[in-house]
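Biologist: I am new to reading protein models, and I would like to know what stands behind the words people use. Could we go through this one together?

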Amino acid sequence: MPMTRYFTDYAWLGGAQVAERVLIDVTGDRIAAVQVGVPRPGDAAYLSGVTVPGTANAHCHAFHRALRGRTHRGGGSFWTWREDMYAVADRLDPDSYYTLARAVYAEMALAGISCVGEFHYLHHGPCGVAYADPNAMGQALIAGARDAGIRITLLDTCYLTGAIGKPLEGPQLRFGDRDGVSWAARASNLTGSAHARVGAAIHSVRAVPPDALDLVAEWAQEKEAPLHFHLSEQRAENEACMTAYGTTPTQLLADHGGLGATSSAVHATHLTPDDITALAGSRTNVCMTPTTERDLADGIGPARQLADGGSPLTLGSDSNAVIDLFEEARAMELDERLRTERRGHWTAAELLAAATADGHASLGWPDAGRLAEGCLADLVTVSLDSVRLAGAQPATMLESVVFAAAAADVREVVIGGRHVVIDGHHTLAENPPAALDAAIQAVLA
Ligand SMILES: [Zn+2]
């Protein structure tokens, strides 16, 4: 198998500081060797700047990208935002969803995201009528990721009720399978590939009744697949759950097999002390999506307490109002500062680990997100020649990247050994901004 060599000025190999003059040998889709402090060989591709592992976007709904900007006018609430989101969902079909998703995933590749966790619930056609291939929408997402050069974990989402005890209505009909058994039968027909894995998701305790919670959790366990769920994003969800079941969403999920080291709770914003103990004690991953949580006025989840108790933390762009994992990483720390009036809850290395290795692991790719021999060759190089990073020093290079870099500073991206972004240009997608614009206009028209 041919080997490609990459030489970079600085690389983060997992420590508190970056290493200098690093040579990374790549064979096929894997890292074959990493050498530090070496002269630049003549035959190595040069990655100018600081190289970090590919980042993992652990929670995403690709089509929400079409809402960027338009839902930021006139206030509103989570629930009015949801109505806008339903209107876009209602216009998509497998072709337009493929086109939109490919463009959104190209934006992610340009931002240094090498794998996306797509929390996918827009399964069916208008009025909930299944397509000839009932997984046509999921397949469109898998193909979109392939053609944008990134990996995907398709988290096929069970979504059965509009609220606890209420049937689906209007655009929600497109999200629903008849029951948990029908969901499992459909999801079982999805298969992974070199760039794609299939996992399960429970939309929320609002959308999945208790008997179906068991089914989805069992399905994930049987397939050794990741299981993700939205959890306690809004207080109204907790109140509805308490009224219907006399317990919190976390406890309900715990009682129905939902928690564990291959599970991810997304948001986990409004938790009781017992909820925190249950999540952390079971090593359930917790995915924070700070740019979305602040956009939707959700609140600030107890990420530090969850991590202290044993939950790995991951990060996601969720509604895609912003696609920038550096911003998500620093936001987790900065939100905690605002709440506590204290600084320094996580180191830059810990924040970057959430954006890389821990995120990939939560999506079922434990061999990604580290610059180490044997790992998937995902390299993201942040250029140091922008106004944002000019003046960065080796001793604090990691802090500069985490607290000052933007997605726009990503200059080179290698995903699974393939050089997907070269000098800021996507090598597979011709004109990502034009493609995004056209795809979004098409679903608004
Ligand atoms: Zn979400």
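Modeller: Gladly! The largest nonpolar core here has 124 residues, and those with the most contacts inside it are Phe 63, Tyr 105, Ile 152 and Trp 219. Helix 2 (residues 94-110) gives the largest share of this core, nine residues. This is a predicted model, where local features need pLDDT of at least 70 and side-chain atom pairs count only at pLDDT 80 or more, while totals for chains, interfaces and linings use all residues. Residues are numbered from 1 along each chain as its sequence is written, and side-chain values use heavy atoms, with hydrogens and water left out.

Biologist: Why is this called a nonpolar core?

Modeller: Because a nonpolar core is a set of buried Ala, Val, Leu, Ile, Met, Phe, Trp, Tyr and Cys residues joined through side-chain atoms within 4.5 Å. Buried means under 20% relative accessible area, exposed over 50%, and partly exposed in between (1.4 Å probe, protein chains only). A second, separate core of 12 residues includes Val 22, Ala 377, Leu 379 and Val 414.

Biologist: What is Trp 219 in contact with, leaving aside its neighbours within four places in sequence?

Modeller: Contact means heavy atoms within 4.5 Å. By that rule, the partners of Trp 219 include Trp 183, Ala 187, Val 198 and Ala 225.

Biologist: What makes helix 12 (residues 348-355) mostly covered?

Modeller: Six of its eight residues are buried: Ala 348, Ala 349, Leu 351, Leu 352, Ala 354 and Ala 355. Among the elements covering them are strand 4 (45-53), helix 11 (325-340) and helix 14 (397-404). Helices (H or I, at least four residues) and strands (E, at least two) are DSSP runs, numbered from the N terminus.

Biologist: How do you know that a space counts as a cavity?

Modeller: On a 1 Å grid over the protein atoms alone, a cavity is a set of points where a 1.4 Å probe fits but cannot get out, and lining residues have an atom within 4 Å of a point. Grid points are joined across faces, edges and corners, and a volume is the space filled by probe spheres set on the points. This rule gives three cavities of 30 Å³ or more, and the largest holds about 180 Å³ of space. Among its 17 lining residues, Phe 78, Trp 81, Met 85, His 203 and His 230 are the closest to its centre.

Biologist: Which helix gives the most to that lining?

Modeller: Helix 1 (residues 78-89), with five residues.

Technical notes. On a 1 Å grid over the protein atoms alone, a cavity is a set of points where a 1.4 Å probe fits but cannot get out, and a pocket is an open set with protein on both sides within 12 Å along at least five of seven lines; lining residues have an atom within 4 Å of a point.
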